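Here is a walk through one protein chain, from its start to its interior and its charged pairs. Keep the structure open and follow along.

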Amino acid sequence: MRTRDGHKLRGYFGRLFQERSELLHNHMGNGEFRYAYPQVQYKVIGGTPMLVGISEGADLLGDLFLKIKELDIGGQKYPVRQKNIEGKRIEVGVSESSQTYRFQTLWMALNQQNHEQYEQADELERQHQLERILIGNCLSFCKGMDHFVEQQIQVKGTFSEKTTSFKNTRMLAFEGIFTTNCNSPITSGWAKPVSRGFGTIKRVSDQTFQVSQTWKV
């Protein structure tokens with residue numbers, strides 16, 4: 001499967017278990033969108049489909065895991081011959097040590113409001129803007145996990161521009177690697193639209209943090 005097929009996975013499982021939980025499709029019973037951080041995320045990493053459950057979503061996926069026998073994506077059926085499930089307990093929020101993460105899938109950092117600011121900035125200002133946006137992404141994630149952040153979040157990163165297609169529109173997106181004192185579950189997503197697999201991060205290593213920019217929150 002392709003990385004961009006993450007939204008097809010979301011649609012398939014959302015329909016398959018529509019009555020099971022709104023966490024699977026992020027829509028409430030009245031049809032309105034659930035704006036909270038998605039606790040179930042759908043991704044394709046290295047050609048392999050992956051479902052990630054966080055908090056209540058982790059319990060939900062564990063319960064449904066054995067029921068998955070095949071995938072029907074866009075009319076094409078994929079028999080599931082091998083499955084692997086892994087659970088980890090991770091404390092989210094700001095930690096004393098730093099972690100280095102790499103984006104496994106493209107990060108759609110910009111919206112209509114900050115895209116123009118990015119285009120008008122020089123290279124250094126763009127770097128700082130993306131670091132600030134990552135801090136905001138971390139805050140949003142922690143808020144979605146009902147965790148209040150009191151300490152300063154620090155980010156140092158290196159990013160490169162890419163383009164991707166989203167809802168039939170070409171969008172500016174980014175690859176990159178960054179170090180932060182914000183602790184996050186492995187293969188979770190930052191920024192929007194994480195439920196479709198964008199902005200998936202993977203921890204690279206733990207290393208001493210070297211501050212390039214510190215932003216108060």
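**From the N-terminal segment to the core**

Set aside the neighbours within four places in sequence, and Thr3 is in contact with Val44 and Thr105. The model is predicted. Thr3 sits in the segment before helix 1 (6–16). Thr3 has a relative accessible area of 46%, so it counts as partly exposed. Look also at Gly46. Its C-alpha atom and that of Thr3 are separated by 7.6 Å, although the two residues are 43 apart along the chain.

Now turn to the interior. In soluble globular proteins, nonpolar side chains tend to be buried together. Here the largest nonpolar core has 28 residues. Trp107, Leu130, Ile153 and Phe174 touch the most other members. Strand 5 (93–103), helix 4 (123–144), strand 6 (153–166) and strand 7 each supply at least two residues. Helix 4 gives the most, with seven. Another core lies apart from this one. That second core has 15 residues, including Leu9, Tyr12, Phe13 and Leu23.

Next, the aromatic rings. The model has eight aromatic pairs. In one of them, Tyr118 and Phe174 meet edge-to-face, 5.5 Å centre to centre, with 75 degrees between the planes. An angle over 60 degrees is what counts as edge-to-face. This pair links distant parts of the chain: Tyr118 is in helix 3 (residues 112–120), Phe174 is in strand 7 (residues 169–183), and 56 residues separate them. Both Tyr118 and Phe174 are buried. They also belong to one aromatic cluster with Tyr101, Phe103, Trp107, Phe159 and Phe178.

Which residue places its charged end over the ring of Tyr118? It is Arg126, at 4.5 Å from the ring centre. Arg126 also takes part in salt bridges. Its side chain meets that of Glu119 at 3.8 Å, N to O. It meets that of Glu161 at 3.3 Å, N to O. Glu161 lies in strand 6 and Arg126 in helix 4, so this pair ties together parts that are 35 residues apart in sequence. Through shared partners, Glu119, Arg126 and Glu161 join into one network. Glu119 is partly exposed, because its relative accessibility is 41%. Glu161 is partly exposed too, with a relative accessible area of 41%.

The model has three salt bridges. One of them joins the side chains of Glu86 and Lys88, at 3.6 Å, N to O. Are these residues buried or exposed? Glu86 is exposed, at 59% relative accessible area. Lys88 also counts as exposed, at 59%.

Conventions
Residues numbered from 1 in each chain as written. Predicted model: local features only at pLDDT ≥ 70, side-chain atom pairs only at ≥ 80, totals over all residues. Heavy atoms only, no water. Phe/Tyr/Trp six-rings, centres within 6.5 Å; stacked < 30°, edge-to-face > 60°. Helix = DSSP H or I, 4+ residues; strand = E, 2+ residues; numbered from the N terminus. Buried < 20%, exposed > 50% of the residue type's maximum accessible area, 1.4 Å probe, protein only. Lys NZ or Arg CZ within 6 Å of the ring centre and 35° of its normal. Core = buried A, V, L, I, M, F, W, Y, C linked by side-chain atoms within 4.5 Å. Contact = heavy atoms within 4.5 Å. Salt bridge = Lys/Arg side-chain N within 4 Å of Asp/Glu carboxyl O.
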